[in-house]
Each structure stands twice: as structure tokens, then as C-alpha cells.
Amino acid sequence: MAEARPIAFLGARLVDPATGYDGPGCLIAAGGAIAEVARTPGLAGLSPDIERVDCGGAMLAPGLVDIRVKTGEPGAETKETLKSAARAAVAGGVTSIVVQPDTDPVVDEPSVVDFILRRARDIGLSKVYPAGAATKGLAGEQMAEIGLMREAGCLYVTDVDRPIVNSQVMRRAMTYARGFGVPFAHRPNDPSLAGQSNANESEFAGRLGLVAGPAIAERVMLERDLALAELTGATLIVDQLSSADALDSLRRAKAKDVNIHVTVSINHLSFNELDIGDYRTFYKLVPPLRGEDDRQSLIEALASGLIDVVVSAHAPAPAEDKRLPFDEAAPGAVGLETLLPALLTLHHEGRAPLVDLLAAVTLKPARLLSLDAGRLATGAPADLVLCDIGAPVRIDADKLISKSKNSPFDGRSLQGKVLLTLVDGRVVFDARV
Amino acid sequence: MARNALGIDDVRARTFPFPARHFTSAADLDRDTLIALLDLADGFVALNRQKAKKLDLLKGRTLMNLFFENSTRTQSSFELAGKRLGADVVNMSPRASSMSKGETLIDTAVTLNAMRPDLLVVRHPASGAAALLAQKVGCSVINAGDGQHEHPTQALLDALSMRRAFGSVEGLTVAICGDVLHSRVARSNVLTLQMLGARVRLVGPATLMPVGAERWGGEVFHDLRRGVADADVVMMLRLQLERMTGALVPSTREYFRFFGLDREKLAHAKPGVKVMHPGPMNRGVEIDSDVADDLAISLIQDQVEMGVAARMAVLTSLAARLDND
């Protein structure tokens, strides 16, 4: 791969979650890394050979780190390939993605980890890291080869959407993962309580006649997971919290010295169950969209730091899997290209400072997974996004880069246009005119 | 009876174009349209009681019955309604075994649309299926039951039965009893009856009551005697057999003991109370035969007759809209 040419970003609004700085500045990227950062609008003595980007006050921030992305590779490439996901990622200013292990074959042994990493190197767009399965075949019975997968380069283990019901399996896998320093992600959901539900149990779902499960299924399982995290000392990633009720449990657990990190999907910060409206399957998600009270509580929990990380929960599903009756349609939504503008909505609405919102998609997930990302500092990798955060964008699902077009933001107006994305100092996406 | 004097000219005079292209939910109607439909249906009741029942209001029109769930009663009611109006009627019962149900629905919709039917009656086990189909076809779609969502023509025929028995639905107290959670009949009836000014009660064991039912606009009871107290109409819902095996209610005998309608429990209702049931009945589970077969109190057979007339009204009105398009 060609060595990246030096680029100087002048007149930017630097937003650096690592230092909390949000103000005017300049940055020079060279040799794949950040060579210089200055908190002044211009730089004196800049070599005339260096390519200059006049940012015009646009935001220059660390590229986003999205730790929950599904693709269809290997096994279901018609949905999304690693390459199409990587292209979608950089178009959305996402420079690192962690792909989920629920592929075919399942990522439950080191050779599949290796396959994904090699494929990602060949693609050379966003950085792609695999998460491994916690149990073999995601069956929730026997531990997967957590140590070998770690050695091969997997960042954390998870059974993705399948809850590990057996508490002994859960305890042992968490204990074992802790021994290798591998974070353990689990989406809390008690399946016997939630049943085969497709929606949040509520008056709204009742009127629509949808098969619905109660939000309390999340809290019931979360309480167990938190207790096991306390017992085992494992690093627990609570995957995609969705209900206000569960936040109290979280608050109590976090007050103790337990290693807990919590994610929320951008969809649950952006929508509520009423968006399902007349059985719109693009809003069928796992976990299901819940009430407006839940959404507001999640936003507050993000602003207060109780929730650490925001994910896109990118889950491509082709039209034929979505154009079905609601109860039969595939769940999930694509989100790599809309993560940043959707998150910026919370900034424009004054719900949280910009630098804090960005920390949840850069510094915090990077630290959680020990990635060198999420900071604007000399020597750090030049993974950067330049974004005009005020620019209006209208999301048109048909124009998305993802192979699947199942975006719940289709037709919505957001603010925040990604102008330029760099990975290791190379321009991998350029939307400047 | 004055009503029997209604003739074909009255029916023509009462015919109006349906306010929407499709009829997938009771919420598609407003109060005036609902009353106009009931008036039109009254005309068809009179015509159906004549010897020569065949009309030509839907002559040249094609009605397709697309039933993904078996229902002899509803399907034959629509078939008869279509035939009496002079339409060509085609019955289709796609088997969902080889393909996934969803593929069948969309594939069938596209295929059927190419045959250019005018009216498509659909029943499907998934909530929202009728509305989904309506987006994919050029004809008028009538929801004959979609999952646990709605069954709007059932609510129409129920309202018609009540109006003919009491003169008006306004002010009646109607207790809807049984498995409200899984009942599309209950959902459509709540909407329709409230639109017509009835007081609706929902009665059933707590496990068979939807979350938030107390905000549907009526009172919720878990005691049948209290629920039917001073009611003008007691509408029993069918309890699906697979739901009686301990998951939601412990046993059929316990269910009958507390929620089955018998004379003793019915005695708490208002004198002159009428009993209804959308059928088919589970005798000895939700309703005692003694009550169901007593023609002095049971409207169950009237409901079947009104079903044909109510569906004729819906079909005629939808076709009148097609005529204008």
C-alpha cells in the first residue's frame, strides 16, 4: 500500500475526547500518524509541498470506533460483505469496526478470526476487527476457543443476539475470558420471559396485535450478569441496553468496584416503539424499540456517563427479509453511514456536549478494547473524520453504500455531512466538491 | 316490519363510495361512514330474505378470497356475499407448508394482482398482513382477520346485530369476555362500538388481557359476574385450544368455572341481555350450550345472517369507489 502523503488540516474545529478540547486548531498527518496538533487556526512555517485542507471550521475528530457491526461475510455475502461494510463505514466517518461472530461459519475458532483479519487487510479501508463467539456455535453450552481467538486477534467475545441462559456456562466463560484479559459482551434478555417476541410489550403493541415481550426481561437477565461480573471479576460489556428499568440496576452495580461497560444503539437513542407505526419492519430491532420514557432515560444515561458507548448495531437485512408481515420480518437496521449524523442530533438538541458524545463513539470504545484510537495527539494513528456538523443531509436508503438498504433513517433529515475520512493518514473517503 | 319493505332501489340509494381504497382496520371508518354502512347492510338483510336473492351490483367484478388460515364460516360468508351481488368469486387457500409464510404472501400477492381482481379478501396469521398486502396490489383489500390485530367486518356485523336487536348501539353496555389478548375480534369491536357510543368492558383472566387494555377506553374486569353486571350485551370470545394447556390458564374446567358463561353468571346482566359469539364456539369452555342455544337471548345465529349482509355492504361500497376511480 502506498505511503500516505502528508496532509495539513487548517482552520478546523478540533474535537478531542482524550483531552476534552473542543476549539479551533490545526493538525498535520504524516507517515500514517498524527505529526502535529496545534490549537491555533493556522500554522506558521508550513512546507509548501504539504497538501492543505482548509477545513473552514468543520469538525476534525478521531475516526469513529463502532464495536457492534454485522456483515454477511462469511456465509451471507448477499446481505453485506466485509468490503461493502468497510466502504459504508468510512463514508460514515467510522475508521474501526468490530464485526460480530454470528456468521456462517461462526467465528468460534482462530482460523475464522484469521480469515477476517486477512480479508480486512486486503480491503484496506476501515480497520476491521473480529469479535469471537463466547460459546461454540453460539449454542450457549461449551466454551469457544477464547484463548486461541484472542491470540489470533479477536477483541472480545460474545454470543451476539443469543442469550447464554445457563448461568454456569456464563460464569465459567466469563471467568475463563478474564484469565486472558478478554472482555465479555452479553445482551441481557431472559428468553423464557421475553418469549418469541418481536416488539416491546405495551399498549401500542397490544393494539397492533404484535407478539410482544416485556422490558423487564432485560432487567432480570442484567441482574444476573452484573452479579456474575462481580463474582468473576470479568470485564462485562452490557450489550445494547434498551430499557429505563435496567438503568437502576446498572447504577447500583457501577457504584461497586466492578468492571462494567454499557453500550446503547443509536436506534434506541433515536426512535421509540411508535415509529413502528403501521407495521414498518425497518423499525423491527433486537432489542425492540421501547417507549419514549425509555429513550429519554437512555439519552440521560449517556449524557451522565452511565452508558459508556454508542454503537450503530449495523445489521444488514435485504428487502426480501424485510418486506414481510412484521412478526415474520428479519430484525435489525443498517447504521454505519448514519451513526455520526444521528448522534449529532443529540448535540444539536443540546442534550450533551459534543466532545462527550464523540467520546462514546471514539475514546471510550477504544479504551475498552485497548485500541490505539480515539485521540488527537502526536504519534497517534491518523484515523480522522472531517465533518460539517451543521450541514443538512437527507437520508435516502437507496443511496446508501451498504448492500442492504434497511435504514430506519430513510427519508429523515439529519445534520452532519462527512467530508473526509482518513485511516492511518490515507484518504479513504472524500465527499468534498 | 318496516325493514322488510326495503328493496333494491333503497339499496341503490344507500350505496356510497367507501372512504378508503382498502378496508383493513375498523379505524378506517368514521362514525358517519359506519352508520351509512349499517344502513346499507339493513337493506341487504331485507333483500336476502326474499326468494330471489341475486343482484347485479357487482356484475363483472372479480372477488378473490385469499385465506392463509382455515375459516369455513368467514370464507363462505364472503363467498355468498360476493355471489349474491353478482361478482365472480374465486377461493384460494395457499398452503404455507413448503415456503415460509411471508414468501407465500408476497409472491401470491404479485401473482394475484396480475389476474386483475377487483376485491381481495385476505385472512392471514400475521398481524398487519392485510395492510402489507394492500401496499402491493392494485385492487381493494378487505381484511378478514390478520393475526391478533383486527377483523373489521366481524365488528361491523356485530354492530348490525346489536342495532337490530336494540334499535341503537348508542348507550349500550357491552361486555367483551374471554381471551382478549389474542382476539382480533375484540380489537375491532372496541373501536367500532366506541365509535357508535357504546360502553365497552373487557373481561377475562389477567393472563389473557393485553398490557395497557385499561387504556383502550373501557373498564377491565377479571371477574365475569362483575364484568357482565347490568350489561346489555355479553360478547363471548373463543378460547383457542392450544392456550388452555396450562401456559395461560390452568385447565378448561377451571376456565369454565370462572370465565365460562352459564345462566347463573348471566343472571347478573341486565334483564333482556343478548349473548353473542363470533364462532366457532367451544361449548362447555367459554359458553354453556344452554345459553348459546336459547334463541330468546342468543344472537349467535343472527350474527351469521348479518355477516353476509354486512359483507355485501362493504363489498358494494368498495366497488362503488372503484367505479369512481
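Biologist: What makes Glu223(A) count as partly exposed?

Modeller: This is a predicted model, so its accessibility is computed from predicted coordinates. Glu223(A) comes out at 32% relative accessibility. Buried would need under 20% and exposed over 50%, so Glu223(A) falls in between.

Biologist: How do you know that Arg252(A) and Glu223(A) meet in a salt bridge?

Modeller: Their side chains come to 3.1 Å, N to O. The cut-off is within 4 Å, so the pair qualifies. The two residues sit in distant parts of the chain: Arg252(A) is in helix α8 (residues 244–255) and Glu223(A) in helix α7 (residues 216–232), 29 residues apart.

Biologist: OK, and what makes Arg68(A) and Asp161(A) a salt bridge?

Modeller: Same kind of check: the closest N and O atoms are 2.9 Å apart, and that is within 4 Å, so the pair counts. This one also links distant parts of the chain, with Arg68(A) in strand β6 (residues 64–69) and Asp161(A) in the loop between β9 (157–158) and α4 (167–179), 93 residues apart.

Biologist: Why is Arg68(A) called buried?

Modeller: Its relative accessible area is 4%, and buried means under 20%, so the label fits. Asp161(A), its partner, reaches 28% and therefore counts as partly exposed.

Biologist: What about the other end of the scale: why is Lys399(A) called exposed?

Modeller: Lys399(A) has a relative accessible area of 67%. The bar is over 50%, so exposed is the right word. Lys399(A) pairs with Asp396(A) in a salt bridge at 3.4 Å, N to O, and Asp396(A) is partly exposed at 31%. As for shared partners, salt bridges join Arg68(A), Lys70(A), Asp102(A), Asp161(A) and Asp239(A) into one network. Over all chains, the count comes to 40 salt bridges.

Biologist: What makes Ile216(A) eligible for a nonpolar surface patch?

Modeller: A patch member needs over 30% relative accessible area, and Ile216(A) has 31%, so it gets in. Ile216(A) lies in helix α7. Together with Leu193(A) and Val220(A), Ile216(A) offers about 200 Å² of accessible area.

Biologist: Why is helix α1 of chain A described as mostly covered?

Modeller: In α1 (residues 82–91), 8 of the 10 residues are buried, that is, under 20%, so "mostly" is fair. Among them are Leu82(A), Ser84(A) and Val90(A). The buried residues pack against β7 (94–99), α2 (110–123), β8 (127–130), β17 (413–423) and β18 (426–430). Just after α1(A), Gly93(A) takes a positive phi of about 80°.

Biologist: How do you know that a salt bridge crosses the interface of chain A and chain B?

Modeller: Arg215(B) and Glu203(A) have their closest N and O atoms 2.9 Å apart, which is within 4 Å, so they form one. Across that interface the rule finds 1 salt bridge, along with 5 residue pairs in polar contact.

Biologist: How much area do chain A and chain B bury between them?

Modeller: About 1,500 Å², 57% of it on carbon and sulfur atoms. Of the area that chain A buries against chain B, 34% comes from Glu203(A), Arg207(A) and Pro325(A), more than any other three residues supply. By contact, 17 residues of chain A touch 21 residues of chain B.

Definitions and conventions:
Residues numbered from 1 in each chain as written. Chains lettered and ligands numbered in written order. Predicted model: local features only at pLDDT ≥ 70, side-chain atom pairs only at ≥ 80, totals over all residues. Heavy atoms only, no water. Helix = DSSP H or I, 4+ residues; strand = E, 2+ residues; numbered from the N terminus. Buried < 20%, exposed > 50% of the residue type's maximum accessible area, 1.4 Å probe, protein only. Patch = residues over 30% accessible without salt bridge, like charges linked within 9 Å, V, L, I, M, F, W, Y side chains within 5 Å. Areas by Shrake-Rupley, 256 points an atom, 1.4 Å probe, with all protein chains shown as cover. Contact = heavy atoms within 4.5 Å. Buried area = accessible area lost by both parts, 1.4 Å probe. Polar contact = N/O pair within 3.5 Å; in protein donor to acceptor, adjacent residues only side chain to side chain.
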